[in-house]
Amino acid sequence: MRINADKREKKSRKICGTNFPLSICFIVVNEFCERFSYYGMKALLTLYFVNYLHWDKDLSTAIYHAFSGLCYFTPILGALIADSWLGKFKTIIYLSIVYVIGHVVKSVGAIPTVGGRDVHIALSMLGLILIAFGTGGIKPCVAAFGGDQFEDEERQKFFSIFYMSINAGSLLSTIITPILRGDVQCFGGDCYALAFGVPAALMVVSLVVFIAGSGMYKKNPPQGNILLEVCNCIGFALKNRWYRWKHEPRRTHWLDWAEEKYSKRLIQEIKMVLRVLVLYIPLPMFWALFDQQGSRWTLQATRMNLAFVRVFLHKMLNALLILVFVPIFDLVIYPLVSLCRIKIMPLRKMAAGMIFAALAFGAATLVEINVVKTVVDPAPAKNSLLQVVNLAGGDASVKVLGTNLFPEPIPHFQDSPTYETLPLEGPAKYAYITVTSLGADTECNQRFEEEEAYSLILFPGPAGTQCKLVSAIAWFQLYRFLNTLPEDLNITVGTELFNVSSEYSVSLNQTVSRGAYSDVTCCLKSGECSKLDLGLLDFGAIYTIILKEESGKIVAHKTEDVKANNVHIAWQIPQYALITAGEVMFSITGLEFSYSQAPANMKSVLQAGWLLTVAFGNVIVLIVAEGAGLDQWKEFLLFAGLLLGVCIIFSIMTCFYTYVDPEQLEKFYLEDSGKEGDDDDKKKKNNDVPLNKTGKGTRL
């Protein structure tokens with residue numbers, strides 16, 4: 001008797017002034033911390049691949065989407081474990097531990113002093129795999145476990161708060177973790193280890209908070225997996241039809257061949273689910289476009305002018321626009337369309353969302369066409385990039401392998417306008433270079449390697465113009481110093497100290513933030529120092545600062561190897577607005593449609609199917625990024641065209657879809673279970689609340 005009293009006491013614990021059980025506080029805080037952990041880590045992932053692991057943009061995009069796809073394949077595994085073995089509570093705990101371990105491994109892999117590049121790659125990939133199994137495994141469990149704590153209509157309000165915690169965690173993490181990476185310096189550079197470590201700490205907090213509420217939770221034991229039962233029923237129907245269709249009369253539907261073993265109710269429910277799953281087939285293409293916000297669009301942003309804006313702020317646009325667009329669509333746009341006597345069906349909304357996403361990529365194409373005008377792409381295989389810095393006595397004409405690689409003479413104390421592509425016809429090649437300056441020709445022989453960028457420095461020597469080939473980097477924001485003096489120089493820029501050897505030596509490239517650099521100190525080894533004014537160093541530009549002596553003082557002559565980005569990041573706002581409008585119409589409506597068209601005991605099946613469309617969308621990006629080999633603007637245009645084509649196919653498919661009639665469902669239930677079973681079903685259905693009803697704009 002005392003045990004039952006304790007149970008009633010647990011159930012009666014409510015949050016002050018509400019009918020909410022106290023246990024949901026722990027679940028909501030757990031979800032907030034977990035989403036902060038996931039999105040905070042993911043916000044840095046593409047830049048981490050490019051800047052820290054030094055992968056090219058295609059490989060970075062491919063790995064990013066492979067990880068995203070894995071995160072949406074693993075929910076099926078989590079659902080199987082929870083429903084048929086451990087139950088939701090234990091599944092969340094055990095897979096959260098895997099989640100934490102993945103974050104720790106990922107953070108250790110970002111510490112420069114831990115091993116070499118291969119170790120960093122191995123630890124990063126292992127960490128991401130563990131994170132994918134952790135976040136994907138708990139994804140279908142946490143929301144459902146929260147819903148289990150309710151037995152009345154208050155459950156709907158819980159899901160509203162639950163999704164607010166998701167948006168809050170996502171929004172804050174995309175602000176905080178990029179600041180930790182860029183503004184905090186560790187190990188001599190951007191502090192990726194700290195930026196990944198904070199999400200790891202939040203995941204530990206998430207796990208501790210969830211366990212702390214253990215004594216208050218209502219824990220339903222596992223009761224078998226409906227997904228497994230569905231698969232068995234389909235398999236039996238196919239097998240039975242294969243062996244018996246020649247000897248027995250045809251049946252109305254191929255699933256009817258399972259009637260010998262399974263109930264009519266289950267068969268009818270599976271029919272309903274399959275009809276919706278068929279509509280899911282074209283949907284991955286939408287997610288293929290949508291999820292590129294974190295990969296291709298982020299890379300596009302890094303090549304734009306970020307004046308007054310930081311990269312992480314642009315990544316917040318989608319979350320911020322969702323908060324604005326959802327009430328606008330619900331309170332303004334949809335009612336206005338209804339006033340025009342246009343019936344707004346869910347599938348029509350989803351088709352309209354596809355169109356908006358395609359338009360977003362059309363806008364991204366226009367932006368990309370303008371961005372690439374000032375951006376130098378890395379050298380492809382069997383090619384090098386070459387630029388000339390002319391410090392000879394006069395203008396210089398340069399021929400490489402007998403061809404006019406640089407058609408115009410290069411003025412004195414300037415560099416060539418652009419990096420030119422030098423064909424090598426192999427992994428490496430020696431090239432004869434002819435330099436004509438002050439009426440005299442000079443030849444030099446230099447070795448070039450594929451996929452590398454070089455600067456050819458021309459300077460006067462005893463026998464005429466001389467050549468010096470140095471490695472260069474032709475992308476990202478960088479600057480370097482070139483010392484024309486006969487003595488070594490020590491240069492201080494802020495807290496950075498450079499030592500540049502004499503005789504036309506070049507310092508290492510350093511990243512630069514936009515701003516005016518007017519307090520640079522340059523000292524000779526003898527101790528004599530000069531103040532240098534480098535002027536404005538702008539976004540996207542790459543500078544060579546040539547140091548020479550004039551009137552007994554060291555002066556700086558700035559050359560712009562790669563022009564500054566002249567396309568402001570604000571031009572990305574239209575494409576973000578369009579993709580967010582598409583998300584409101586497609587994602588939210590799709591979740592609502594899936595729930596409303598599913599039988600009460602198979603909503604998890606359709607939820608798993610919905611998450612799989614996201615996973616396959618990332619697979620599509622993975623294939624295109626690695627296999628198409630297109631220029632970026634052409635790739636954007638390809639995706640837009642594909643989605644428009646898929647939208648047409650989807651619209652045709654919707655014409656043959658009939659929305660579920662609840663009365664017809666009840667008829668089937670009554671035939672199979674009787675009136676008493678039907679009443680139980682009604683009670684069960686009344687306890688089921690759509691997860692998406694209040695989950696505006698966020699996918700679990």
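**Reading the labels in a predicted model**

In this predicted model, the charged end of K548 sits over the ring of F413, 4.0 Å from its centre.

Me: What makes K219 another charge that sits over a ring?
Reply: Its charged end is 4.1 Å from the centre of the F89 ring. The cut-off is within 6 Å, together with a position within 35 degrees of the ring normal, and K219 is listed as sitting over F89.

Me: Why is R341 called exposed?
Reply: Exposed means over 50% relative accessible area, and R341 comes out at 81%, so the label fits. You'll find R341 in the loop between α15 (317–339) and α16 (346–371). Its phi is near 60 degrees, a positive value in a residue other than glycine.

Me: How do you know that L438 is exposed?
Reply: Same kind of check: L438 has a relative accessible area of 69%, and the cut-off is over 50%, so L438 counts as exposed. L438 lies in the loop between β7 (428–437) and β8 (440–449). Phi is positive here too, about 55 degrees, although L438 is not a glycine.

Me: How do you know that β12 and β17 pair?
Reply: Pairing takes at least two bridges, and 5 bridges join β12 (residues 489–493) to β17 (residues 520–524), so they qualify. The two run antiparallel, and T492 stands opposite T521 in β17.

Me: Why are β13 and β18 at the edges of their sheet?
Reply: The open sheet has 4 strands in the order β13-β12-β17-β18, with antiparallel pairing. β13 (496–500) and β18 (529–532) each have a single partner strand, so one side of each is left without a neighbour in the sheet. Neighbouring strands are turned by 20 degrees against each other on average, direction ignored.

Terms used. Residues numbered from 1 in each chain as written. Predicted model: local features only at pLDDT ≥ 70, side-chain atom pairs only at ≥ 80, totals over all residues. Heavy atoms only, no water. Axes fitted to C-alpha atoms, helices over the stretch in contact; angles between N-to-C directions. Buried < 20%, exposed > 50% of the residue type's maximum accessible area, 1.4 Å probe, protein only.
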